[in-house]
Amino acid sequence: MTFRSALLAVSALATSLSLAAPALADAPRLERKGDTQQLIVNGKPMLMIGGELSNSASSSAAYMEPHWKRLKEMNVDTVLTPVSWELIEPTEGTFDWSSVDSQIKAARANDLKLVILWFGAWKNSMSTYVPAWVKRDQQRFPRAQLPNGQGVEILSTFGGETLKADQRAYAALMAHLKAVDSKDNTVVMVQVENEIGMLPVARDYSAAANAAYAEPVPAELVNYLVAHKDSLVPGMRRMWLERGARTSGSWDELFGGGDAAAEVFAAWHYARFADQLAQAGKAAYPIPMYVNVALNRPGRIPGEYPSGGPLPHLLDVWKAGGPHLDFLAPDIYFSSFVDIVNGYKRPDNVLFIPEAHNASNPTGAANAFYAIGQLDAIGFSPFSIDSVDQDPGGLKDAYGVLQQLKPYILDAQGTDRMVGFKPRQLYDETLVYEPETREVGPYRFTIAYADIQKPVAHPGADLSQPGSAAAIAAAGGMIIQIGPEEYLVAGQGVTVTFKPLADAAALAGIDSAFEGKFDASGKWVPGRLLNGDQTHQGRHIRLEAGKWQIQRVKLYTYR
C-alpha cells in the first residue's frame with residue numbers, strides 16, 4: 001500500500017466512524033466493546049470531551065447565555081450541568097421544568113450534549129439543594145445526627161419519606177427528559193446525587209440509624225463479599241479476612257468496630273438509597289446513571305472526609321448495594337491522578353472522570369490523555385468550565401487534538417492498539433518522571449517526559465521553564481496504532497523512542513514522520529515531513545512542551 005493510499009484508507013475509516021447513520025429513538029446506553037464499555041448515543045459510540053459548570057451556573061439562563069457558544073468554541077462537546085431539586089419542585093407535587101428545558105434548548109442550539117447532575121437529597125454531603133418544604137419539616141424528613149443528638153444539615157438515609165420524595169422528583173425528571181429529549185438524546189447520562197458522604201463523623205447516630213447498626217449485616221452484602229472474595233479491593237478484603245471472613249454477625253464483628261465498621265455501615269445505606277433512586281429513575285427513562293465521589297485524604301479518618309461514599313476502599317460495598325448504578329466515578333482534585341483512576345477502571349466499572357481540577361489547571365489536559373488513552377475512559381470533565389471559557393489556555397488546544405482523534409480513539413477502545421501516558425505524581429506532589437514503556441503492535445515504545453537531548457531541570461528549578469517540574473507534570477499523550485507499522489502519536493512534552501518486539505537484535509527506524517491535523521471531514525492534512533534535528537537524525541519522535549499536536553509516524557525494522 002502506498003503512503004497516499006494509506007492516507008485515503010484512514011480518512012475513509014474516520015468518515016465511516018463519524019457519519020454512521022444513527023438508530024432512531026435509541027436511548028443512550030453503555031455497550032461492551034472488547035475489554036471495556038462504550039457510551040452509545042444516537043446509535044453510535046461517543047467520547048465525552050467535557051466540562052462541568054460551576055454549582056450555580058445552570059440556575060440562571062441569563063448567566064449561561066454567553067457561555068454556551070464559548071464552550072463549543074473551546075472544543076467541549078459535553079457539558080455537565082446541575083439540576084437542583086429546589087428549582088424543579090419548589091412546591092410539593094408541582095414541577096417547574098423551565099431551568100431544565102432552557103439548558104436542553106441551548107445545548108442543542110450549540111451542538112452540545114448534556115450530563116445532568118441531580119442535586120437531590122445530597123450535594124457535597126450536605127442537603128442544601130432540597131426544597132424549603134423538605135428543609136423545614138424535620139419530622140417528616142429527619143436529619144442525620146451526631147453522637148450527642150445534635151442534628152446536622154444532612155438528611156438521614158433512614159428517612160423513608162425522604163427516599164419517597166426524592167424518588168418522586170427524580171422519576172419525574174427522568175420522565176420529563178424522556179418526553180422532551182428521547183428523540184434527540186441531548187442528555188446522555190445522569191449523575192445520581194453529588195459526592196455523597198457523612199460529615200463530621202463516620203455515620204449517622206440518629207435513633208433509627210443506631211437501631212439499624214444493632215442489626216446483623218445484611219445478607220446481600222455478605223453474599224457479595226463471599227462471591228467476590230478473591231477480587232475484593234485490598235482494604236475491604238483485609239478488613240473482612242482479618243476478622244475471619246465471617247458470613248454472619250454484626251457490623252462490629254465483621255468489620256472490626258470503630259470508624260471502620262461505621263463507615264462500611266454508612267456506605268451500605270448510602271448505596272441502597274442511591275440504588276433505589278436509580279431504580280425509580282430508570283423505570284421512567286433507562287439511560288446510564290452513576291454516582292460520583294469526593295475522595296478521602298490520606299491520614300484522615302472517616303468524617304474528616306465524606307464518610308461512606310464510593311471511595312476506593314468501599315467500592316465493593318457500593319457494587320453490592322447499588323446494582324442499578326451503571327458505574328462509580330471519582331472526582332479528582334489530588335495530584336495522584338494515575339493511582340486513583342487505575343483503582344476505578346475495573347471489569348465491572350467503566351472509567352469516567354466527571355469532575356477534576358479546575359479547568360485552568362495545567363495538568364488537566366495530560367490527565368485526560370492518560371485516562372482516555374490508557375484506561376479507555378468514556379469521558380473527562382474539569383470543574384468550573386464556565387470560569388475559563390473566555391481564556392481557556394492550553395485546554396482548548398488539547399481538546400482540539402482529542403476531537404480530531406475521536407474516531408480513532410473510539411475504534412481502538414477495548415483493544416490493545418491504544419495507550420496513554422503521563423508522569424505519575426504522588427499525593428504529596430512528588431513527581432515520578434522516569435521513562436515508561438508501552439507495547440503497541442510490533443513495537444515497544446519508551447516515553448521520556450523531557451527532551452532526551454537536554455538535561456532535565458531539577459524539580460526545584462524555575463517552574464516556567466521547559467524541563468521544570470511544572471512542565472514535566474503537564475506532559476502527556478497517547479499512541480494509537482492505525483496500520484501494521486503506522487501510528488498516531490499525540491500529546492506534548494514527550495520524547496518517544498522505539499524497539500521491535502519480535503527480534504531482539506533488530507532496530508527500529510522512522511520511515512516517515514509527518515506533523516499535521518485532521519480537518520473537519522476527518523481527512524489528514526499533513527504539515528512538515530520531520531527529519532534531521534526534529535527527529536534526532538531518525539532516532540526519536542519529539543512532541544515539544546506547551547504545544548499539543550499530532551504526528552503521524554510510520555516505523556520500519558532493520559539490522
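What follows is a chat between a biologist and a modeller about this predicted model.

Biologist: Let's start with helices: at what angle do α7 and α12 pack?
Modeller: Two packed helices are described by the angle between their axes and the distance between the axes. Here α7 covers residues 160-181 and α12 covers residues 258-284. Their axes are 8 Å apart, and the packing angle is about 35°.

Biologist: Is that crossing of α7 and α12 left-handed or right-handed, and how many charged residues does the contact have?
Modeller: As α7 passes α12, the crossing is right-handed. On the α7 side the contact includes T162, D166, Y170 and K178, and on the α12 side it includes F273, L277 and A284. By class there are 10 nonpolar residues and 4 polar ones, and the number of charged residues is 2.

Biologist: How far apart are the axes of α14 and α15?
Modeller: Helix α14 takes in residues 337-344, while α15 takes in residues 364-375. They cross in a right-handed way, at an angle of about 35°. The distance between their axes is 11 Å.

Biologist: Which residues of α15 make that contact with α14, and what is the mix of classes?
Modeller: The contact divides into 6 nonpolar and 2 polar residues, with no charged ones. From α14 come F337, V338, V341 and N342. From α15 come N367, Y370, A371 and L375.

Biologist: Now the interior: which helix gives the largest share of the largest nonpolar core?
Modeller: That core has 134 residues, and L177, L221, F255, W318, I353 and M478 have the most contacts inside it. The largest share of this core is 13 residues, and they come from α12.

Biologist: F255 is on that list, so which residues of α12 does F255 touch?
Modeller: Leaving out residues up to four places away in sequence, F255 touches V217, L221, L225, M236, M239 and R243. It also touches A260, A261 and V264. Helix α12 runs over residues 258-284, so the ones to pick out are A260, A261 and V264.

Biologist: How many residues are in the second, separate core?
Modeller: Among its members are Y449, V496, L530 and I541. This second core has 26 residues.

Biologist: Is L543 buried or exposed, and which strand holds it?
Modeller: Buried means under 20% relative accessible area. L543 has 1%, so it counts as buried. Away from its sequence neighbours, L543 is in contact with residues including V489, G491, V494 and Q551. The strand that holds L543 is β24.

Biologist: Where is P310, and what is its relative accessibility?
Modeller: P310 is in the loop between β10 and α13. Beyond four places in sequence, its contacts include V291, L315, W318 and Y344. P310 counts as buried because its relative accessibility is 0%.

Biologist: How far is the C-alpha atom of P310 from that of A329?
Modeller: Along the chain, P310 and A329 are 19 residues apart. Their C-alpha atoms are separated by 8.1 Å.

Biologist: What is the phi of N42?
Modeller: Most residues other than glycine have a negative phi, and most peptide bonds are trans. N42 is not a glycine, yet its phi is positive. N42 lies in the loop between β2 and β3, and its phi is about 55°.

Biologist: Which side chain does the side chain of N42 make a polar contact with?
Modeller: N42 counts as buried, since its relative accessible area is 18%. A polar atom of its side chain lies 3.5 Å from the backbone oxygen of D184. The side-chain partner, at 3.4 Å, is N185.

Biologist: H536 has a positive phi too, so is H536 buried or partly exposed?
Modeller: H536 sits in the loop between β23 and β24, with a phi of about 55°. Its relative accessibility is 23%, which means H536 is partly exposed.

Biologist: Last one: which residue does a cis peptide bond join to L199?
Modeller: Omega at this bond is about -5°. The partner lies in the loop between β9 and α8, and the residue joined to L199 is P200.

Conventions:
Residues are numbered from 1 along each chain as its sequence is written. This is a predicted model: local features need pLDDT of at least 70, side-chain atom pairs count only at pLDDT 80 or more; totals for chains, interfaces and linings use all residues. Side-chain values use heavy atoms; hydrogens and water are left out. Axes are lines fitted to C-alpha atoms, for helices over the stretch in contact, and angles run from 0 to 180 degrees between N-to-C directions. Helices (H or I, at least four residues) and strands (E, at least two) are DSSP runs, numbered from the N terminus. A crossing is left-handed if the near helix is turned anticlockwise from the far one by less than a right angle, and right-handed if clockwise. Contact means heavy atoms within 4.5 Å. Ala, Val, Leu, Ile, Met, Phe, Trp, Tyr, Cys and Pro count as nonpolar, Asp, Glu, Lys and Arg as charged, and the others, Gly among them, as polar. Buried means under 20% relative accessible area, exposed over 50%, partly exposed in between (1.4 Å probe, protein chains only). A polar contact is a pair of N or O atoms within 3.5 Å; within protein, one must be able to donate a hydrogen and the other to accept it, and residues adjacent in sequence count only if both atoms are side-chain atoms. A nonpolar core is a set of buried Ala, Val, Leu, Ile, Met, Phe, Trp, Tyr and Cys residues joined through side-chain atoms within 4.5 Å.
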